[in-house]
Amino acid sequence: YERIKNNDSLNDFGFIKFLLTKVAFVLVNTTNVESAYQIFETLNGRSKDLEKLDLVRNKLFRSMQKTDVDDACKTWDTLYAKAENIRNGKSVDTYLQDLFTTFFEANLGIWIETKDLFHKIKEDLDIHKGDEKYPYDLFNRVADCFDSYSTIYNPRNSTGLVLEQIFNDDNLVEALFYISKKNDLKVRKAVLFSIFYLIKEADCKLSNDTKKEVKRIIYNLINFFKRTKFSGNIPASKYGKELSKIAKKILEFGDINQVKNKWFIVELQKIDTNNKKIIAHDSFVRAIENSEQKLEVAKDILIMIENFNRHIKDGSLKKTKDLYAEHICPQKLKHSSWKNQFNEQEHQYYLNKIGNFTLLAEKKNKEASYRSFTDKQAVYKESNFNLNKELIGKSTWDVDCIKKRTKSLAQKLAEATEIS
């Protein structure tokens with residue numbers, strides 16, 4: 001469709017030949033819109049599956065009164081154009097589909113898998129079957145939430161909420177941008193959606209006290225996200241179901257001034273009690289001590305701790321693309337000195353503890369590689385990271401060193417991701 005729309009295919013002989021020889025065009029005239037949608041659903045049920053967004057749009061428009069369909073089509077085109085401009089790497093269909101999913105999660109307080117979106121909308125329309133205006137009103141409600149939704153994925157480039165101006169806090173925007181890049185944002189987005197929606201309903205005019213409360217809530221949600229990630233992945237549906245309920249409760253307040261951080265923490269604690277218990281400082285430290293880290297997660301942890309260490313004096317790391325988490329005790333014990341320090345069982349158990357990782361630039365990471373600890377120290381010495389300074393003066397690297405450093409880093413991570 002996009003190729004034809006942009007005239008990219010008019011000179012494509014192969015494409016024209018395909019249309020003339022392999023495609024049959026059938027024109028079906030109907031007397032009313034409802035019949036057209038019925039035929040559309042029936043025919044498509046016998047060929048390629050429709051995208052979820054096609055099914056949603058089709059169901060909504062078919063359920064509307066005829067007099068509302070034209071206006072709804074114009075609104076749809078407007079949504080599509082807005083999504084095209086700020087879709088943040090997603091396809092437009094995926095972006096809008098996600099808008100509908102997030103809207104229903106927050107308003108119904110339930111966790112919705114993408115594959116179930118159409119059925120949830122159908123159920124909702126069936127419940128309100130006697131209200132002829134409901135499908136049109138529902139669609140407009142979703143459309144009105146576009147700006148609130150776009151802020152989740154585009155905190156630096158939202159179409160409606162300019163967070164820097166509202167909160168005057170670049171760090172908050174940076175933190176939101178951090179989680180907008182993470183694949184499991186889905187678990188947290190309903191809560192953010194509800195918060196941003198109420199902010200927009202207040203015309204972005206918040207008292208100073210409300211700003212402080214909302215900032216604290218957002219920071220706590222972000223830190224909760226980080227803690228669940230760093231302490232070991234928990235199935236998304238476990239937290240997603242509970243956070244969707246919180247999102248609905250936030251909307252039910254109806255006024256952003258009524259949403260308090262103290263209430264929010266109590267709600268988080270209810271979730272935490274049934275899972276890993278990571279809100280309390282000591283229990284989170286223990287969770288980190290007991291966790292193994294993948295390279296990318298270890299890198300995120302180390303960057304966060306390095307930033308935390310630099311917070312007062314040196315500012316934060318900005319360029320992180322060429323940074324890597326490096327195993328201090330290497331993944332393979334090629335050098336004899338390592339074999340003298342670790343037996344096979346110890347190596348396997350402690351290799352991926354956070355205390356056995358440090359932060360290096362790509363070139364330095366390759367230089368360190370499988371070398372002895374003494375050789376690695378020469379590389380660490382050339383690094384400017386605070387994390388590496390404590391490694392330079394050590395005479396050896398063994399199990400005891402990893403244990404102590406893991407606990408120390410876990411303590412710092414707990415401070416950097418405090419929930420209060």
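Here are some exercises with worked solutions on a predicted model of a protein chain.

**Exercise 1. Getting your bearings**

Find out how many helices and strands the chain has, and what share of its residues is buried.

Start with the secondary structure: you should get 23 helices and 2 strands. Next, turn to burial: of the 420 residues, 45% count as buried. Finally, look at contacts between residues at least 6 apart in sequence: 72% of these join residues at least 24 apart.

**Exercise 2. A salt bridge inside one helix**

Work out how K122 and D126 are placed in helix 7, and whether their side chains are buried, partly exposed or exposed.

Step one is the distance. The two side chains meet in a salt bridge, with 3.4 Å from N to O, and the cut-off for a salt bridge is 4 Å. Step two is the position: K122 and D126 both sit in helix 7, residues 117-127, and because they are 4 residues apart there, about one helical turn separates them. Step three is accessibility. K122 has a relative accessible area of 33%, so this residue is partly exposed. D126 comes out at 37%, so D126 is partly exposed too.

**Exercise 3. Two salt bridges between separate elements**

Say which elements are linked by the pair E289 and K407, and which by the pair E326 and K376.

Take E289 and K407 to begin with. Their side chains form a salt bridge at 3.8 Å, N to O. This pair links distant parts of the chain: E289 belongs to helix 16 (residues 281-290) and K407 to helix 23 (residues 399-416), 118 residues apart. As for accessibility, E289 is partly exposed at 22%, and K407 is partly exposed at 39%.

Now go to E326 and K376, whose salt bridge is 2.4 Å, N to O. E326 is in strand 1 (residues 323-327) and K376 is in helix 21 (residues 373-381), so this pair ties together parts 50 residues apart in sequence. Both E326 and K376 are buried.

To round off, there's a network as well: K249, E267 and K270 are joined by salt bridges that share partners. Searching the whole structure gives 14 salt bridges.

**Exercise 4. Checking the cysteines**

Count the disulfides, then decide whether C145 and C329 are buried or exposed.

The cut-off for a disulfide is 2.5 Å between cysteine sulfur atoms, and by that rule you count 0 disulfides. For burial, the limit is under 20% relative accessible area. C145 has 3%, so C145 counts as buried. C329 has 2%, so C329 is buried as well.

**Exercise 5. Helices that cross**

Describe how helix 6 crosses helix 5 and helix 7, giving the angle and the handedness of each crossing.

Begin with helix 5 (residues 66-86) and helix 6 (residues 92-108). Their axes come within 9 Å and cross at roughly 115 degrees. That angle makes helix 5 roughly perpendicular to helix 6. The crossing is right-handed. Residues making the contact include W76, L79 and Y80 of helix 5, and Y95, L96 and F100 of helix 6.

Then do helix 6 and helix 7. Their axes come within 10 Å, crossing at roughly 50 degrees. With that angle, helix 6 is oblique to helix 7. The crossing here is left-handed. On the helix 6 side you'll find Q97, F100, T101 and F104, which meet L117, I121 and D124 in helix 7.

Methods. Residues numbered from 1 in each chain as written. Predicted model: local features only at pLDDT ≥ 70, side-chain atom pairs only at ≥ 80, totals over all residues. Heavy atoms only, no water. Buried < 20%, exposed > 50% of the residue type's maximum accessible area, 1.4 Å probe, protein only. Axes fitted to C-alpha atoms, helices over the stretch in contact; angles between N-to-C directions. Parallel < 35°, antiparallel > 145°, perpendicular 65-115°, else oblique. Left-handed = near helix turned anticlockwise from the far one by under 90°. Contact = heavy atoms within 4.5 Å.
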